[in-house]
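Please look through the sequence and the model below before reading on, and keep both in view while you follow the paragraphs. They move from one strand to its sheet, and then to the empty spaces in the structure.

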Amino acid sequence: MRVDLHNHTILCNHAQGSVEDFIKKAIELKIDYYGFTEHAPMNFDEKYRMKLTEKEFYEATLRYYKEKYSNNINILLGYEVDFMQSVPILDEILNSKVDYLIGSVHFLESKNDSLPWGFDNPEFIGKYENKDIDSIWIDYFEAIRLLAKTSYFDIVGHLDLIKVFKFLPKKDIKLIALEALKQIKKSNMTIEINAAGFRKPIKEQYPSMELLQLAYELDIDITFSSDAHALEQVGYCYDEVVSLAKSVGYTKCAIYKQREKLLVEF
């Protein structure tokens, strides 16, 4: 089975290409399960996500193409949801009839900052210079732990996204992330091996080999994602991430249907 569960549409305002073209590309690449997970509406940072008024259109569009291409590929419907302590997740998203929800941390909140910090946005990269890198990583993985503790989500998006610009901690990454990973296991969540990191300054997948090994030791399930925002990113570096997962010991990955986790061999 070839699986790619984290991908976007033009509704997020920072992706290109039609839904149908993405699906045709996935079929060409012999992907068996292909998931769309648009950035869910919320009352924050609205220019980088779909609007709540577009929710019905998004879901109807995917249901249409799911049926149209049902003999060629399994299309799955989801959302990527930002987790923030200060901004509530909309009930309309939490109660959506979808296959799965990805929970992601893209913002760090601090008493010293008037607004949450979009740490993976190049516009705000300068903030790293004024912060202790170990503290940033500790705060990030505490947010991941709290995300997992809610039990709202099925998959953790790009587990170590905080490394995107290659600002790495001095402390042991495994120790920083351990409690978050324990909570992910306790909540029966999946982590994705997300190939988007290969397109970023860090030039490697999320999560790192060290964290993937730790996840395997903790018996945490995985899935695969290209996090495509453009047609050429569909199935990005798929063979590389599959080889990595196999080298750690994984033989199965998760897919979801109506919020139910299923494990398939890859």
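How many of the residues of strand β7 (residues 221-225) are buried? In this predicted model, strand β7 is mostly covered, for 5 of its 5 residues are buried. To follow what this says about the two sides of the strand, it helps to recall that in a regular strand the side chains alternate between the two faces of the sheet. On one side of β7 lie D221, T223 and S225, while I222 and F224 lie on the other, and since the residues of both groups are all buried, both faces of the strand are covered.

The next step is to place β7 among its neighbours. Strands of a sheet pair through backbone hydrogen bonds, either parallel or antiparallel. Here the strands form an open sheet of 7 strands with parallel pairing, in the order β1-β2-β3-β4-β5-β6-β7. The strands β1 and β7 are the edge strands, each of which pairs on one side only. The partner of β7 is strand β6 (residues 190-194), and the two pair in the parallel sense over 5 bridges. If you trace this pairing in the model, you will find T190 opposite D221 and I191 opposite I222. Between these strands the chain also passes through a helix, and together β6, helix α6 (residues 209-217) and β7 make a right-handed β-α-β unit.

Beyond the end of the strand, the loop between β7 and α7 holds H229. Is this residue, H229, buried or exposed? Its relative accessible area is 17%, and because residues under 20% are counted as buried, H229 is a buried residue. The side chain of H229 also makes a polar contact, at 3.4 Å, with the side chain of H14.

We can now turn from the atoms to the spaces among them. Rolling a probe the size of a water molecule over the atoms shows where empty space is left. When the whole structure is searched, 1 cavity of 30 Å³ or more is found, and the volume of the largest cavity is about 40 Å³. Which elements each supply at least two residues of its lining? They are β1 (3-4), β7 and α7 (238-248), so that the strand with which we began appears again here. Among the residues that line this cavity are V3 and D4, F224 and S225, and also Y238 and V241. By class, the lining of the largest cavity has 6 nonpolar, 3 polar and 1 charged residues.

The pockets remain to be described. The largest pocket has a volume of about 870 Å³, and of the 36 residues that line it, the closest to its centre are H14, Y48, H106, D120 and N121. H14 is the residue whose side chain is in polar contact with that of H229. The lining of the largest pocket divides into 15 nonpolar, 10 polar and 11 charged residues.

The second largest pocket holds about 180 Å³ of space, and the elements that give two or more residues to its lining are α2 (55-68) and β3 (74-82). Its lining includes L62, R63 and K66, as well as I75, L76 and L77, and by class it divides into 5 nonpolar, 1 polar and 5 charged residues.

How values were computed: Residues are numbered from 1 along each chain as its sequence is written. This is a predicted model: local features need pLDDT of at least 70, side-chain atom pairs count only at pLDDT 80 or more; totals for chains, interfaces and linings use all residues. Side-chain values use heavy atoms; hydrogens and water are left out. Buried means under 20% relative accessible area, exposed over 50%, partly exposed in between (1.4 Å probe, protein chains only). Helices (H or I, at least four residues) and strands (E, at least two) are DSSP runs, numbered from the N terminus. Two strands pair if DSSP finds at least two bridges between them. A crossover is right-handed if, with the strands pointing away from the viewer, the path from the first strand over the helix to the second runs clockwise. On a 1 Å grid over the protein atoms alone, a cavity is a set of points where a 1.4 Å probe fits but cannot get out, and a pocket is an open set with protein on both sides within 12 Å along at least five of seven lines; lining residues have an atom within 4 Å of a point. Grid points are joined across faces, edges and corners, and a volume is the space filled by probe spheres set on the points. Ala, Val, Leu, Ile, Met, Phe, Trp, Tyr, Cys and Pro count as nonpolar, Asp, Glu, Lys and Arg as charged, and the others, Gly among them, as polar. A polar contact is a pair of N or O atoms within 3.5 Å; within protein, one must be able to donate a hydrogen and the other to accept it, and residues adjacent in sequence count only if both atoms are side-chain atoms.
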